[in-house]
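Take a look at the fold below. We will go from the whole chain down to single residues.

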Amino acid sequence: MSNTNSNHFFNNEIVFENHWKNVTLSQINEVIPHDFFGKKEFIEFYLCTNGGCFTNEAYIYRDSFYQVSKNDYNLIEIASFLHIPLFEKDENPHWTSSIIEVMERRDLLSENFEEFTLFHIPFADNYGDNDFWIDIQTGEIKYIDYEESYDPNDAIIVATSFPEFCKNIQAKRR
């Protein structure tokens, strides 16, 4: 477990800690066998940092990528990146969930989620247990606020790709 921000995907103001155990390329591909736009960077990220938490504040603004209206989501907080499970008995970090755990938990919500998880991979969440997903067909990053809706069709597009999402995380509100 590492307690430093050694991840070059974030700017230096971001404090990102509590990384889970290192994973290999084959372990990543076992959990995420799909190809998608941004997968190369996704793999680099997880080889460097297998999940982790933002110790201080971390935010993403949708208007960094898209035009948003006054009533649309713009500022979204990020708490942690999910980890790739190692499938070791009784070993899991207490500070993040695994990608597999989140997929299984959301699959139980509705039939719509079963279909959604065929084409989307969860990779991050916020303090409200809301998830960020990669659309494996487009590479776009989507967000679901479960206080608003449990229908994955209501997911909002947050960023154009995984690397752009990471690059635009901010340590402070504007």
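Helices and strands here are DSSP runs, with at least four residues for a helix and at least two for a strand, numbered from the N terminus. The model is a predicted one. By that count, the protein has five helices and nine strands. Their order along the sequence is β-α-α-β-β-β-β-α-α-β-β-β-β-α. A strand opens the pattern, and a helix closes it.

Next, the overall dimensions. Along the principal axes, the C-alpha atoms fill a box of roughly 45 × 40 × 30 Å. Does the radius of gyration agree or disagree with that of a compact globule? For 174 residues, such a globule would have a value near 16 Å. The protein has 15 Å, which agrees.

Contacts tell how the chain comes together. Take the contacts with a separation of 6 or more: residues 24 or more positions apart account for 59% of them. Burial can be put in numbers too. A residue counts as buried when its relative accessible area is under 20%. Of the 174 residues, 49% meet that mark.

Now the outside. The accessible surface comes to about 8,900 Å². Carbon and sulfur atoms contribute 47% of that area. The protein carries 13 positive and 30 negative charges. The mean positions of the two sets are 6 Å apart.

Helix α2 is a good place to look closer. It spans residues 39-48. Which of its residues are buried? They are Lys-39, Phe-42, Ile-43, Phe-45 and Tyr-46. Seen down the axis of α2, these buried residues fall within an arc of 160 degrees, so they line one face of the helix. The spacing fits a simple rule. An α-helix has 3.6 residues a turn, so residues three or four places apart point the same way.

Move on to strand β7, residues 131-135. Trp-133 is found in this strand. Is Trp-133 buried or exposed? Its relative accessible area is 0%, so Trp-133 is buried. Trp-133 can also be placed relative to Val-31. The two are 102 residues apart in sequence. In space, they are 15 Å apart, C-alpha to C-alpha.

Asp-135 is found in β7 as well. The relative accessible area of Asp-135 is 4%, so this residue is buried too. What does Asp-135 touch, leaving aside residues up to four places away in sequence? Its partners are Phe-119, His-120, Glu-140 and Lys-142.

Conventions
Residues numbered from 1 in each chain as written. Predicted model: local features only at pLDDT ≥ 70, side-chain atom pairs only at ≥ 80, totals over all residues. Heavy atoms only, no water. Buried < 20%, exposed > 50% of the residue type's maximum accessible area, 1.4 Å probe, protein only. Arc of directions from axis to C-beta. Rg over C-alpha atoms; globule rule 2.2 N^0.38 Å. Contact = heavy atoms within 4.5 Å. Areas by Shrake-Rupley, 256 points an atom, 1.4 Å probe, with all protein chains shown as cover. Lys, Arg positive; Asp, Glu negative; His and termini not counted. Charge placed at Lys NZ, Arg CZ, Asp CG, Glu CD.
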